Amino acid sequence: MSNIHILNLSAYTSPQINESKKGEYVEYGADNNYFQFLIDRYLYSTTNNAIISGCSNMIYGKGISALDANKKPDEYAKMLSLIKPNALRKVALERKLLGMAAMQIGYDKGQVSFIEHFPMHTLRAEKCNDKGEIEAWYYHPDWANKKSSEEVKRIPAFGFGNKKDVEIYVVKPYISGYHYYTPIDYSGALPYAKLEEEISDYLINDVMNGFSGTKVINFNNGVPPEEKREEIVSKAKAKLTGSKGDKVIFGFASSKEHSTEVIDIPLNDAPAHYEYLSNECFEKLVVGHRVTSPMLLGVRDKGGGFSNNADEIKTATLLYDNLVIKPYQLEIIEALDEILAVNNIKLKLYFKTIQPLEFTDLENAQTAEQVAEETGVNLSAHTHPDLANSLIEKGEVLGKEWILIDENEVDYELEAELDEEIEKLNKKKKLSFIEKFASTITGRPNAKSEQDKNIDGVRFITRYKYSGDKVGEREFCNKMVSADKLYRKEDIENTKSNDVNFGQGHNGENYNLFLYKGGVNCKHKWLRQTYVSFDNVKIDVTNPNATQISTNKAEKYGYRVRNPKEVAMIPFDMPNNGHHPNYNK
């Protein structure tokens, strides 16, 4: 049995962490080059590269901001001057890729003067002090090729310097059993990144070398001593194994009987075999990185999973954002908070999201800050503190002198006709019968509207009422229904939706409240109500026939108000549920 050698696949385990006997630093990996090993897996594994790149882009989003930027403009401006977007983007990438990230902190007169990214792979931790603290990090540009005679630069860790020279802040989570370095969170899937590389290299090499099979090598010139056998096997393995093994074998023997024998062992069903391995690598890397749906990171799987169903992709997005992305962001934010505290800068930092707002959860958000914390979107700069209130303040409650003579669901198809009628009335010369209409967009209760008329002392007004269930939807809708007020068309159209109901339009865009009410998938509508008040004509408003009498008189004067059909439609029943016409095209 000693003459048989079985070549096992390499087993990739956690890297060795050794305190250097020659220096004051702690080595990372058997060859003190584990960071480079991780970088290579990122560069040469297709799936690993796509997932890490996508994840780091989501961590950074659109950059850092602050919920209280408007309240603390000076502190916010100072924060932005200290760290540049490109530096923070690199920190996000290395935190995901290497499990750790480093920032270089500069000082001027005891204050932080800059925060810059520092390449984590060039750093090694100093041996802990008696309290278990890492007081410094050692720098070398290329640890793999470091000579024993070379000195390495010592850089104090954050909080252990003199606030004159630069310091290093390392962002790394706590993991039991690890103090100096933190393993990557996808370590269980790392062997599959390596396997994916090997499959790729092997297939390319196989094509270039004629699709050869596996080989058995028999040495027929006697059995050498064990030490010599080990040497021969080692050289053969180095020469022939792996994805880039040589095709040609050179043998030297004194006679044909003693020549080296090479036997081909063909691989049956090779295409199916490699397809299985490739799929296995893909699936294990997706699981190892905790990707809820590959589509989120620009990676398309081969059927199954979340597919293209919008609701399922939205669910996957929310899960991935809350379980994976936000913990990364929180680590970086906590690090920045600690650094900025040196300059007495205290801000509520957050990362602006790159996710579509329709894939974020705004249902339970009560304030602008809560929405920003949940979604990474700052509303404080342009949102009323209490959603819907700025529109409700423009509403009015009519007095008893006004009689409701008509209530209909508005029809947008007749909007052009309505505008034409109003234009004609405004141009009439006999102002003794019809007064010129006054319009305003100030939102003053009881102000005139383009749809108001005064004919021979008889006053007609048209107002709009928000209609639908009082509970079960977003806060804007609940408040509007509960307020039970009437609104002028101008006030509704001139109120920006993002001031009262942020993020509920198509892709979070500002939208027309008159058309789309509470936004995408809303189940409320506007009702048009026509009221009349008689100054010179006495009508008992308590008379059961008062409404009919008033309606007849209104028709006598030709008072009609018509609106687009969408005003009376709930967005849920509209095409695409109230999304933009180009949605999903």
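Trainee: Is Asn32 buried or exposed here?
Mentor: In this predicted model, Asn32 is buried, with a relative accessible area of 7%.

Trainee: And where is Asn32 found?
Mentor: Asn32 is in the loop that lies between strand 2 (26-28) and helix 1. Its phi is positive, about 55°, although Asn32 is not a glycine.

Trainee: What sign of phi do most residues other than glycine have?
Mentor: Most of them have a negative phi.

Trainee: OK, what about Lys517, buried or exposed?
Mentor: Lys517 is buried, with a relative accessible area of 0%. Lys517 also has a positive phi, about 50°, and is not a glycine.

Trainee: Which elements is the loop with Lys517 between?
Mentor: That loop runs between helix 15 (513-516) and strand 17 (525-534).

Trainee: Which residue follows helix 12, and what is its phi?
Mentor: Asp484 follows helix 12, and the phi of Asp484 is positive, near 55°.

Trainee: While we're there, which residues in helix 12 are buried?
Mentor: Helix 12 covers residues 475-483, and Glu475, Phe476, Cys477, Met480 and Val481 are buried in it.

Trainee: Let's switch to helix packing. How is a pair of packed helices described?
Mentor: By two things, the angle between the axes and the distance between them.

Trainee: Good. At what angle do helix 2 and helix 4 pack, and how far apart are their axes?
Mentor: Helix 2 (residues 46-60) packs against helix 4 (residues 85-98) at about 135°, and their axes are 9 Å apart. The two helices are therefore oblique to each other.

Trainee: Is the crossing of helix 2 and helix 4 right-handed or left-handed?
Mentor: Their crossing is right-handed.

Trainee: Which residues meet there?
Mentor: From helix 2 there are Ile52, Cys55, Ser56, Ile59 and Tyr60, and they meet Pro85, Leu88, Arg89, Ala92, Leu93, Lys96 and Leu97 from helix 4.

Trainee: How do the residues of that contact divide?
Mentor: The contact of helix 2 with helix 4 has 9 nonpolar residues, 1 polar and 2 charged.

Trainee: Why would residues three or four places apart point the same way in a helix?
Mentor: An α-helix has 3.6 residues a turn, so residues with that spacing face the same way.

Trainee: Now helix 1 and helix 4, what's the angle there?
Mentor: Helix 1 (residues 34-44) and helix 4 pack at about 100°, with 10 Å between their axes. They are therefore roughly perpendicular to each other.

Trainee: Which residues make the contact?
Mentor: Helix 1 brings Phe35, Leu38, Ile39 and Tyr42, while helix 4 brings Leu93, Leu97 and Leu98. The residues of this contact of helix 1 with helix 4 are 7 nonpolar, with no polar and no charged.

Trainee: On to the sheets. What is the strand order in the one with strand 4?
Mentor: It is an open sheet of 3 strands in the order 5-4-9, with antiparallel pairing. Strand 5 (111-118) and strand 9 (167-171) are the edge strands, each pairing on one side only. The twist from one strand to the next averages 30°.

Trainee: How many bridges join strand 4 to strand 9?
Mentor: 5 bridges join strand 4 (residues 101-108) to strand 9, and the two run antiparallel. Ala101 stands opposite Val171 of strand 9. Helix 4 packs on this sheet, touching strand 4, strand 5 and strand 9, and its direction makes about 50° with that of strand 5.

Trainee: Any other partner in strand 9, say for Ala102? Which one is it?
Mentor: The bridge partner of Ala102 in strand 9 is Val170.

Trainee: How many residues of strand 9 are buried?
Mentor: 5 of its 5 residues are buried, and strand 9 is mostly covered. Glu167, Tyr169 and Val171 point one way from the strand, Ile168 and Val170 point the other way, and all are buried.

Trainee: Where do side chains go in a regular strand?
Mentor: They alternate between the two faces of the sheet.

Trainee: Last topic: what is the order in the sheet with strand 7?
Mentor: That one is an open sheet of 3 strands with order 6-7-8 and antiparallel pairing. Its edge strands, strand 6 (123-125) and strand 8 (153-156), each pair on one side only. Neighbouring strands of this sheet are turned by 35° against each other on average, direction ignored.

Trainee: And how many bridges join strand 7 to strand 8?
Mentor: 4 bridges join strand 7 (residues 136-139) to strand 8, and they run antiparallel. Trp137 has Ile155 of strand 8 as its bridge partner.

Terms used. Residues are numbered from 1 along each chain as its sequence is written. This is a predicted model: local features need pLDDT of at least 70, side-chain atom pairs count only at pLDDT 80 or more; totals for chains, interfaces and linings use all residues. Side-chain values use heavy atoms; hydrogens and water are left out. Axes are lines fitted to C-alpha atoms, for helices over the stretch in contact, and angles run from 0 to 180 degrees between N-to-C directions. Angles under 35 degrees count as roughly parallel, over 145 as roughly antiparallel, 65 to 115 as roughly perpendicular and the rest as oblique. A crossing is left-handed if the near helix is turned anticlockwise from the far one by less than a right angle, and right-handed if clockwise. Contact means heavy atoms within 4.5 Å. Ala, Val, Leu, Ile, Met, Phe, Trp, Tyr, Cys and Pro count as nonpolar, Asp, Glu, Lys and Arg as charged, and the others, Gly among them, as polar. Two strands pair if DSSP finds at least two bridges between them. Buried means under 20% relative accessible area, exposed over 50%, partly exposed in between (1.4 Å probe, protein chains only).
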